[in-house]
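Grab a coffee and work through these exercises with the model open beside you. Each one sets a task and then walks through a solution.

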Amino acid sequence: MYSPPYNQIEKRAELLEFMRANNFVLLVTGTGGTLHGSHLPVLIHEKEGRLVLDMHMAKNNPQWKEFFDDEVMVVFSGPHAYVSPRWYEERERVPTWNYAAVHAYGIPRIVEDRAAKLAGQRRLVAAMDPQWLPKFDALREEYVRSMLDGIVNFEIAVTRIETRWKLSQNRSRREMELIAAELDKSADSTERALAALTRRLLVE
């Protein structure tokens, strides 16, 4: 991903917060020169100082059969918005699109152990729907077994990360403030989220 140094995020805590807040991702594989993509939920945790992505997909999805020793890419997409030249102080400006994104890379490892698969799904329920967790724990063993048989669980130990927070950092502080103010007026919650991210950058 093209990312000038002033658009890159170095703080690990901020990176983790972003990935966890935008945890419906695009998994891209390209084994044999053919690209495949799947949109999947992910949990992010740290193991021995490394980030690990905990994921699963339907067994009927053929993409998992491409998990050999090849690197895959996981795309985390954050808030984004059109930026109008009308919002700048300078008259000679052109339209652009601001956004935040992370590309994480690593080699998938399929989780075969049934107890580990169940634990992975339980963690996902606990994170996304804790109120339903007691119901999950009470599901019939036969039903749970059939559900687990229909999915493929896998982990990706992250080997490298690319980041881009394109928030008009190449403009003046005043223009960044003006852009954030305009985005804040939007009825679109995604655009307001981008405004908040821009303001956060300004106070760091």
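**Exercise 1. List the buried residues of helix α1 and find what covers them.**

Solution. Keep in mind that this is a predicted model.
- Step 1: Go along α1 and pick out the buried residues, which are Glu 14, Leu 15, Leu 16, Phe 18 and Met 19.
- Step 2: Look at the spacing. An α-helix has 3.6 residues a turn, so residues three or four places apart point the same way.
- Step 3: Ask what lies over these residues. The cover includes strands β2 (36-47), β3 (50-58), β4, β5 and β6, along with helix α6 (189-203).

**Exercise 2. Search the whole structure for aromatic pairs, then classify the pair formed by Phe 18 and Trp 165.**

Solution.
- Step 1: The search turns up four aromatic pairs.
- Step 2: For Phe 18 and Trp 165, the ring centres are 4.6 Å apart and the planes make an angle of 55 degrees. Pairing asks for centres within 6.5 Å, and planes over 60 degrees apart would be edge-to-face, those under 30 stacked. That makes this pair tilted.
- Step 3: Place the partners. Phe 18 belongs to helix α1 (residues 12-21) and Trp 165 to strand β6 (residues 151-166), so the pair ties together parts 147 residues apart in sequence.
- Step 4: Check burial, where the cut-off is under 20% relative accessible area. Phe 18 has 6% relative accessibility, so it counts as buried. Trp 165 has 1%, so it counts as buried too.

**Exercise 3. Do the same for the rings of Tyr 82 and Trp 97.**

Solution.
- Step 1: The centres are 6.1 Å apart and the planes stand at 65 degrees, so call this pair edge-to-face.
- Step 2: Tyr 82 is in strand β4 (residues 72-83) and Trp 97 in strand β5 (residues 96-111), 15 residues apart.
- Step 3: Now burial. Tyr 82, at 38% relative accessible area, is partly exposed. Trp 97 comes out at 44%, so it is partly exposed as well.

**Exercise 4. Which charged residues lie over the ring of Tyr 88?**

Solution.
- Step 1: Arg 93 sits over the face of Tyr 88, 5.5 Å from the ring centre.
- Step 2: Arg 171 also has its charged end over the Tyr 88 ring, at 5.8 Å from the centre.

**Exercise 5. Trace the contacts of Ser 77 and Asn 23, skipping neighbours within four places in sequence.**

Solution.
- Step 1: Start with Ser 77, in strand β4. The contacts of Ser 77 are Phe 18, Asn 22 and Ala 100.
- Step 2: Compare sequence with space for one of these. Ser 77 and Phe 18 are 59 residues apart in sequence, while their C-alpha atoms are 9.2 Å apart.
- Step 3: Move to Asn 23, in the loop between α1 and β1 (24-29). With 14% relative accessibility, Asn 23 counts as buried.
- Step 4: Asn 23 touches Leu 40, Pro 41, Val 42, Ile 44 and Met 128.

**Exercise 6. Sum up the whole chain: how many helices and strands are there, and what share of the residues is buried?**

Solution.
- Step 1: Count six helices and six strands. Read along the sequence, they run α-β-β-β-β-β-α-α-α-β-α-α.
- Step 2: Of the 204 residues, 42% are buried.
- Step 3: Among contacts with a separation of 6 or more, 73% join residues 24 or more positions apart.
- Step 4: The exposed surface is about 11700 Å², with 53% of it from carbon and sulfur atoms.

Key: Residues are numbered from 1 along each chain as its sequence is written. This is a predicted model: local features need pLDDT of at least 70, side-chain atom pairs count only at pLDDT 80 or more; totals for chains, interfaces and linings use all residues. Side-chain values use heavy atoms; hydrogens and water are left out. Helices (H or I, at least four residues) and strands (E, at least two) are DSSP runs, numbered from the N terminus. Buried means under 20% relative accessible area, exposed over 50%, partly exposed in between (1.4 Å probe, protein chains only). Contact means heavy atoms within 4.5 Å. Accessible areas come from the Shrake-Rupley method with a 1.4 Å probe; for residues, only the protein chains shown count as cover. Rings of Phe, Tyr and Trp (its six-membered ring) pair if their centres lie within 6.5 Å; planes under 30 degrees apart count as stacked, over 60 as edge-to-face and the rest as tilted. A charge sits over a ring if NZ of Lys or CZ of Arg is within 6 Å of the ring centre and within 35 degrees of the ring normal.
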